[in-house]
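Reader: I'd like to learn how to read a model like this one. Can we go through a few features together?

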Amino acid sequence: MPIVEVRNLKKVYNGSVTALKGISFDVEEGEIFGFLGPNGAGKTTTVHILCTLTTPTGGSAKVCGFDVVKYPDEVRRRIGFVPQDISVDDELTARENLELHAKLYHMPKDLREKKIEEMLELVGLKERAESLVKTFSGGMRRRLEIAEGLLHNPEVLFLDEPTIGLDPASRMTIWEQLRELNKEGVTIFITTHYMDEADRLCNRVAIIDLGEIKAIGKPNELKEDVGGDVIILKTNDSDKLLERLLSLPFIKEATSQNGTLRVTVGSGEKVIPLIFEEARSLGVNIESVSLNKPTLDDVFVKYTGRSLRDEKTDKIERFKQYMIMKRRRR
Amino acid sequence: MIKEACYVCERELRHFIRMKVQIISSIVTPIVWLVFFGYSMNIISSGLGGVNVLSVLIGGERSIFPYFLTLALNATPLQSLIIQNYLGISYLDFFYSGVIGVTVMFACVFSGISIIWDKRFGFFNKLLVAPIPRLSIMLGKTMYATIRGLIQGVIILGLSFLIGARIRTGMMGVALALVFMLMIGLGLGAFSMSLGIKLADQEALFGIINMITLPLFISSGAFMPVETMPGWLQVIAYGNPLTYLVDALRLCLLGGPYSALGFPFSLIDVAPRLMKNLVALSVFTGTFLVIGTLLFRGSVK
């Protein structure tokens with residue numbers, strides 16, 4: 001049974017702004033599931049519905065087997081939520097933040113103390129436990145936030161853009177910690193607009209744009225669907241090699257331009273040695289080789305016609321985002 | 001529900017003890033009132049009463065002069081009652097209950113700001129994701145507002161005593177005064193929370209609160225007896241919860257009757273009037289609690 005089950009989920013804000021147009025997906029127990037899309041795509045709305053913060057306009061969503069609208073308290077007990085805006089309490093120390101959280105989740109005192117120590121250790125904040133959070137850096141706050149999300153042993157952890165605005169080193173640390181957690185059996189649901197994050201961290205990714213899921217799958221499969229890896233070769237006799245390569249079954253496409261060969265294949269790492277063997281047997285010298293793998297951005301372009309990289313959205317989109325932001329603040 | 005509310009309240013109290021500037025300013029402002037108004041008005045009333053200015057400055061003086069004044073002025077029964085009631089005590093004695101009331105009001109009425117901050121910083125969502133009854137959030141914050149109001153009220157009471165205001169009813173009167181402070185604290189706290197839950201930014205809340213606190217303050221009888229106000233202002237005064245609080249505090253702390261030739265100060269004499277105040281405040285507090293609860297329920301699913 002999937003741990004998160006979403007069926008035809010719709011959300012319309014203020015009767016006019018459509019944030020979700022009816023999405024469906026499942027998250028299996030134990031996986032890291034990514035929600036990849038640009039700002040305003042509906043990622044946060046989805047997470048808020050799953051975390052019982054917003055009610056859907058239509059469709060249904062189940063978390064840990066409980067309907068989020070009918071049994072919100074059952075869902076709340078079983079999930080951890082790391083919001084997009086850092087929301088740990090600035091005026092409390094790290095330990096006080098965790099203590100408050102533990103109390104709100106009704107953890108008994110001895111378990112509370114044990115888990116707080118454990119979490120401080122896990123996120124590397126043990127030395128700063130007694131410092132006020134307002135003295136923390138962005139990465140430290142984020143880590144404290146994650147520690148809070150995990151404190152009560154949730155079955156699923158929802159993270160809304162957990163690495164937004166962080167430096168590369170902090171991002172790596174957080175990824176490392178999330179992988180570690182996942183190994184211990186926590187299902188992780190993460191939204192992001194960073195392709196590398198979705199690619200390197202997630203077992204499966206859903207690509208969402210304008211309130212619709214455009215594609216779901218393992219990052220590798222999604223990328224292979226785009227067309228596969230591109231190998232670029234420089235040789236002393238490209239035409240001779242090209243002729244041979246075109247006759248091989250695992251080559252999808254090959255062209256030669258000004259002595260440079262462009263070869264499209266399924267998996268570049270496996271094909272390169274084979275190409276070298278062919279070249280040697282033909283007596284062709286390979287001067288240089290490079291492998292270009294498709295990114296999830298290419299996948300995004302394929303399904304939406306736009307790049308994730310350029311965040312240029314038209315006026316209507318911006319207005320929608322504004323309304324959603326406004327709504328979220330209230 | 002109560003347990004969770006206590007956790008929410010505990011967090012707010014932790015915040016409170018770290019807000020050094022706010023604590024100091026919330027205590028200094030009433031002291032300024034007490035000293036500036038309390039003493040300067042004392043001189044005026046002493047001029048009327050012909051009492052030695054110095055003795056008034058030290059702590060006010062009960063004078064028999066007002067009694068003769070009312071006779072001399074050939075005053076109507078109402079006027080004579082007012083003069084006897086209020087000129088018999090120093091203005092500081094009269095005024096400090098009002099300052100306590102206003103301090104409690106200000107402490108509570110701005111507390112809704114914390115909900116707005118929490119919404120802005122996402123902490124509110126964190127509370128909403130937790131498996132706790134929704135209302136415990138509002139209850140906890142209202143509890144905090146009340147506690148804060150009580151703390152500040154007690155501090156001002158102590159300081160008033162130190163600078164010479166008199167408490168004529170002993171500990172019993174102080175205990176009763178605390179009950180009244182608690183009542184208004186709950187009501188105004190809930191009122192402020194319901195504003196906080198409805199409004200999106202703190203400027204709007206500040207605007208609304210400033211708009212209503214000044215009239216409440218002036219018409220409350222903290223500065224001057226309600227009986228001496230023009231008729232239209234009296235109408236406002238009797239619709240103002242603060243009026244009942246200030247009157248109740250004054251009765252609790254000074255006892256009654258506070259006339260020059262009155263009986264020894266006691267709470268028994270004022271019991272009926274205290275009951276009236278208690279009923280009026282209960283109605284206000286009950287109404288605000290219900291409205292606050294309904295608004296909170298409506299906004300937070």
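Author: Below we take the helices, then a buried arginine, then some backbone angles. This is a predicted model, where local features need pLDDT of at least 70, side-chain atom pairs count only at pLDDT 80 or more, and totals for chains, interfaces and linings use all residues. Residues are numbered from 1 along each chain as its sequence is written, chains are lettered from A and ligands numbered from 1 in the order in which they are written, and side-chain values use heavy atoms, with hydrogens and water left out.

Reader: How many helices and strands does chain B have?

Author: Chain B has 14 helices and 0 strands. Helices (H or I, at least four residues) and strands (E, at least two) are DSSP runs, numbered from the N terminus. Of the 301 residues in chain B, 55% are buried, meaning under 20% relative accessible area, with exposed over 50% and partly exposed in between (1.4 Å probe, protein chains only).

Reader: How do I describe two packed helices?

Author: You give the angle between their axes and the distance between the axes. Here, α9 (residues 134–162) and α10 (residues 170–198) of chain B pack at about 140 degrees, with axes 8 Å apart. Axes are lines fitted to C-alpha atoms, for helices over the stretch in contact, and angles run from 0 to 180 degrees between N-to-C directions. So α9(B) and α10(B) are oblique to each other; the other classes are roughly parallel (under 35 degrees), roughly antiparallel (over 145) and roughly perpendicular (65 to 115).

Reader: What about R250(B): is it buried or exposed?

Author: R250(B), in helix α13 (residues 241–254) of chain B, is buried and has no salt bridge. A salt bridge needs a side-chain nitrogen of Lys or Arg within 4 Å of a carboxyl oxygen of Asp or Glu, and the nearest side chain of opposite charge, D247(B), is 5.4 Å away. The R250(B) side chain does reach the backbone oxygen of A222(B), at 3.5 Å.

Reader: And which sign of phi should catch my eye?

Author: Most residues other than glycine have a negative phi. N14(A), in the loop between β1 (4–13) and β2 (17–27) of chain A, has a positive phi near 50 degrees. H106(A), in the loop between α3 (94–104) and α4 (109–122) of chain A, has a positive phi of about 55 degrees. N14(A) is partly exposed at 45% relative accessibility, and H106(A) is partly exposed at 35%.

Reader: How many residues of helix α1 of chain A are buried?

Author: In α1 (residues 43–50) of chain A, 8 of the 8 residues are buried, so the helix is largely enclosed by the rest of the structure. After α1(A) comes T52(A), with a positive phi near 65 degrees.

Terms used. Lys, Arg positive; Asp, Glu negative; His and termini not counted. Polar contact = N/O pair within 3.5 Å; in protein donor to acceptor, adjacent residues only side chain to side chain.
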